[in-house]
Amino acid sequence: DYKAANKSTSKANRRVLGFVILAGLMAAAGAIVEGVAQDWSALYLIDIQNATVAAAAWGLAAFNIGMILGRIFIDRIVEQKGRGFVIKWGSLASAIAIGLQAIAPNFEISLFFWFLLGLGISGVVPQLFAEAGEIGEASHSGRNMAKVVGITYIGGLAGPSIIGLLTGALPLNIAIGWGAVLGLFIVLSYPRLQKLPK
């Protein structure tokens with residue numbers, strides 16, 4: 001009957017809970033990487049590249065241009081290369097872009113790195129959400145997706161503040177390296193994500 005069937009699918013869904021949590025942590029990491037640019041790019045350009053307040057706004061603009069371009073073409077890339085290509089290579093590109101900010105020699109090159117960050121990370125969180133939508137039984141996809149989105153939301157809110165704490169001990173160009181670590185976390189976690197049952 002319906003009750004027995006629902007109990008059976010609930011039990012089956014518990015077996016993929018690890019997959020749900022991992023997908024959520026990966027998506028949260030991607031959201032935090034986005035937050036690095038949204039919350040810290042202007043201050044970075046002022047403090048590290050000695051930009052004026054007006055010029056520093058171009059950091060966020062460069063990031064958003066990269067995000068917009070990426071999301072315009074992301075479906076076509078997924079169709080040709082697959083979802084995993086976007087998640088892995090996008091995360092790697094964003095990690096490299098943040099990491100290179102530590103040694104960016106001038107304002108113009110730094111802007112390019114913010115653009116590259118936006119381009120790379122643009123498709124990561126949406127594609128992880130798409131991946132999460134295929135977790136476990138179809139009858140529980142909504143619940144699983146809600147868990148992933150909830151973890152992502154918490155990470156997106158709390159993550160960038162960690163950089164603020166790190167700046168108490170480190171220069172800002174080094175502190176934002178927290179985002180590079182998270183980008184690499186997504187890259188290294190994706191193969192594990194693929195081994196878990198859907």
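This passage looks at two helix pairs in a predicted model and at the residues through which they touch.

Take α4 and α9 to begin with. Helix α4 covers residues 83-100 and helix α9 covers residues 177-195, and their axes come within 8 Å of each other. The crossing angle is roughly 155°. Angles over 145 degrees count as roughly antiparallel, so α4 and α9 run roughly antiparallel to each other. As for handedness, this pair crosses in the left-handed sense. On the α4 side, the contact is made by R83, G84, I87, K88, S91, L92, A95, I98 and G99. Facing them from α9 are G177, G179, A180, G183, L184, I186, V187 and Y190. Sorted by character, the residues of this contact come out as nine nonpolar, six polar and two charged.

Then there is the pairing of α6 with α7. Helix α6 spans residues 124-132 and helix α7 spans residues 141-166; here the axes come within 9 Å and cross at roughly 150°. That angle makes α6 roughly antiparallel to α7. The crossing of α6 past α7 is right-handed. From α6, the residues involved are V125, F129 and A132, and they meet M145, V148, V149 and T152 of α7. Six residues of this contact are nonpolar and one is polar, with no charged residue taking part.

Put next to each other, the two pairs are both roughly antiparallel, α4 with α9 and α6 with α7. Their handedness is another matter: left-handed for α4 and α9, right-handed for α6 and α7. Charged residues number two in the contact of α4 with α9, while the contact of α6 with α7 has none.

Technical notes:
Residues are numbered from 1 along each chain as its sequence is written. This is a predicted model: local features need pLDDT of at least 70, side-chain atom pairs count only at pLDDT 80 or more; totals for chains, interfaces and linings use all residues. Side-chain values use heavy atoms; hydrogens and water are left out. Axes are lines fitted to C-alpha atoms, for helices over the stretch in contact, and angles run from 0 to 180 degrees between N-to-C directions. Helices (H or I, at least four residues) and strands (E, at least two) are DSSP runs, numbered from the N terminus. Angles under 35 degrees count as roughly parallel, over 145 as roughly antiparallel, 65 to 115 as roughly perpendicular and the rest as oblique. A crossing is left-handed if the near helix is turned anticlockwise from the far one by less than a right angle, and right-handed if clockwise. Contact means heavy atoms within 4.5 Å. Ala, Val, Leu, Ile, Met, Phe, Trp, Tyr, Cys and Pro count as nonpolar, Asp, Glu, Lys and Arg as charged, and the others, Gly among them, as polar.
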